[in-house]
Every structure is written in structure tokens, then in C-alpha cells.
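Me: I've got a small chain on my screen and I'd like to learn how to read it. Could we go through it by question and answer?

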Amino acid sequence: MTAKTCAACDCELDASLIKVKIGGKTVEVCCDDCARKLKEAHGSAATSGKG
Ligand SMILES: [Zn+2]
């Protein structure tokens, strides 16, 4: 199985996947929106946001 999935929404990734660095690690997401979600989730530690 070499199918990759979005690190944010777990949907299947196409050839138009986006690579984003999170905490020194490179993850792949399906769209720029998911990339932002991961960045925000990683950056906001003090903010109270459980989901
Ligand atoms: Zn996604």
C-alpha cells in the first residue's frame, strides 16, 4: 500500500498534494487549508482548543 492520506483530514492524496513542515517534520496534506490547520494546531499551544 503506497496510498497516502492527508495529515489533517485523512482523505486520499492526489498528485497535487501539498507538503508542509510542522515542527521540523514534513507532512503531506490535500489542500492549503489543511496545511494551515496543522500549522495552527502546532503553533497554538496555550490557546484552549480541544477538538
Ligand atoms: Zn486535507
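Me: What share of the 51 residues of the chain count as buried?
Reply: Keep in mind that this is a predicted model. A residue needs 20 or more other C-beta atoms within 10 Å of its own to be buried. Of the 51 residues in the chain, the share that passes is 16%.

Me: How confident is the predictor, as a mean pLDDT of the chain?
Reply: Looking residue by residue, 82% reach 70 or more. Among the elements, strand S2 (residues 25–29) has the highest mean, 95, and helix H1 (residues 32–43) the lowest, 92. For the chain, the mean pLDDT is 86.

Me: In what order do the elements of the chain run from the N terminus on?
Reply: Start with the inventory: there are one helix and two strands. Reading from the N terminus, the order is β-β-α.

Me: Which residue in the turn of the hairpin has a positive phi?
Reply: S1 and S2 run antiparallel, with five bridges joining them. Ile22 stands opposite Lys25 in S2. Two residues sit between the strands of this hairpin, and the one in the turn with a positive phi, about 60°, is Gly23.

Me: Which residue has a positive phi although it is not a glycine?
Reply: Most residues other than glycine have a negative phi. So a value of about 65° goes against that general pattern. You'll find this residue in the segment before strand S1 (18–22), and its name is Asp10.

Me: Is Asp10 buried or exposed?
Reply: Count its neighbours: 9 other C-beta atoms lie within 10 Å. The cut-off for exposed is 12 or fewer, so Asp10 is exposed.

Me: How far apart in space are Asp10 and Cys30, C-alpha to C-alpha?
Reply: Along the sequence, Asp10 and Cys30 are 20 residues apart. In space, their C-alpha to C-alpha distance is 8.7 Å.

Me: Which residues does Ala35 touch, not counting those up to four places away in sequence?
Reply: Ala35 belongs to the largest nonpolar core, which has eight residues. Cys6, Ala7, Ala8, Cys30 and Cys34 are among the other members. Leaving out residues up to four places away in sequence, Ala35 touches Ile18, Val20 and Val29.

How values were computed: Residues are numbered from 1 along each chain as its sequence is written. This is a predicted model: local features need pLDDT of at least 70, side-chain atom pairs count only at pLDDT 80 or more; totals for chains, interfaces and linings use all residues. A nonpolar core is a set of buried Ala, Val, Leu, Ile, Met, Phe, Trp, Tyr and Cys residues joined through C-beta atoms within 7 Å. Two residues are in contact if their C-beta atoms, placed from the backbone, lie within 7 Å. pLDDT is the predictor's confidence in each residue, from 0 to 100. Helices (H or I, at least four residues) and strands (E, at least two) are DSSP runs, numbered from the N terminus. Two strands pair if DSSP finds at least two bridges between them.
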